[in-house]
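Here are some short exercises on aromatic ring pairs, each with a worked solution. Have a look at the model first, then work through the steps.

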Amino acid sequence: AQSVTHYYVDALNGSDQNSGSITQPWKSLAYAVGFQTANVHLHVMPGVYAPSTTGDFWDSATLAPKQLRIDNHQNFTITGADRDTCILDFEAGDGPWGFINITSANTTDIEISHLTMRNAGVDPWANGPLVTDWSASNIDIHNCYFEQCYSTLIVWGGFDVAFHDNVITDAVPNT
């Protein structure tokens, strides 16, 4: 078994200049996901991760919503401390096809759990918290809470995608 490195993200007390340790957590998920791509467990501390708080899911150069891409990652886990207080708020931007994009043939063994994902917009062809793409494999999304999301999970591709023990409320009606 591969050894796993544990990193921490804290929207309230973190800085992307920190080391990512429990005492020096990062602030943004975008920075954390891009830091190291294999054998990582990212611990998301309580707080709101959003364009207006951490800069996540937003491209400041184009002033438009942006995907967080899990691309060429292996054995990569993102776990919230608890889904009631660890919130990914996409702030209802009519944005990319899935704010979190799990993509590429080299992406495998991905787990996302214990987060709330909300306000993913209303465009039926573009908005949703999560998308799996290409040949990404062995993806497990569980124990998350989804609210005010148009398409909770968009599956364009991928193998062995598990989506279980999640709660979906206040869904935007699918026309």
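**Exercise 1.** Start with a single ring: is Tyr-7 buried or exposed?

*Solution.* Tyr-7 has a relative accessible area of 12%. Buried means under 20%, exposed over 50%, and partly exposed in between, with a 1.4 Å probe and protein chains only. So Tyr-7 is buried.

Before going on, some ground rules: this is a predicted model, where local features need pLDDT of at least 70, side-chain atom pairs count only at pLDDT 80 or more, and totals for chains, interfaces and linings use all residues. Residues are numbered from 1 along each chain as its sequence is written, and side-chain values use heavy atoms, with hydrogens and water left out.

**Exercise 2.** Work out how many aromatic pairs the whole structure holds, then classify Tyr-7 with Phe-35.

*Solution.* The search turns up nine aromatic pairs. For Tyr-7 and Phe-35, the ring centres sit 5.5 Å apart with planes at 75°, so call it edge-to-face (centres within 6.5 Å make a pair; planes under 30 degrees apart are stacked, over 60 edge-to-face, the rest tilted; Trp uses its six-membered ring). Phe-35 is partly exposed at 41%. Both rings belong to one aromatic cluster with Trp-26 and Tyr-31.

**Exercise 3.** Now classify Phe-146 with Phe-163 and find the accessibility of each ring's residue.

*Solution.* Their centres are 5.7 Å apart and the planes make 35°, so the pair is tilted. Phe-146 is buried at 0% relative accessibility, while Phe-163 is partly exposed at 30%.
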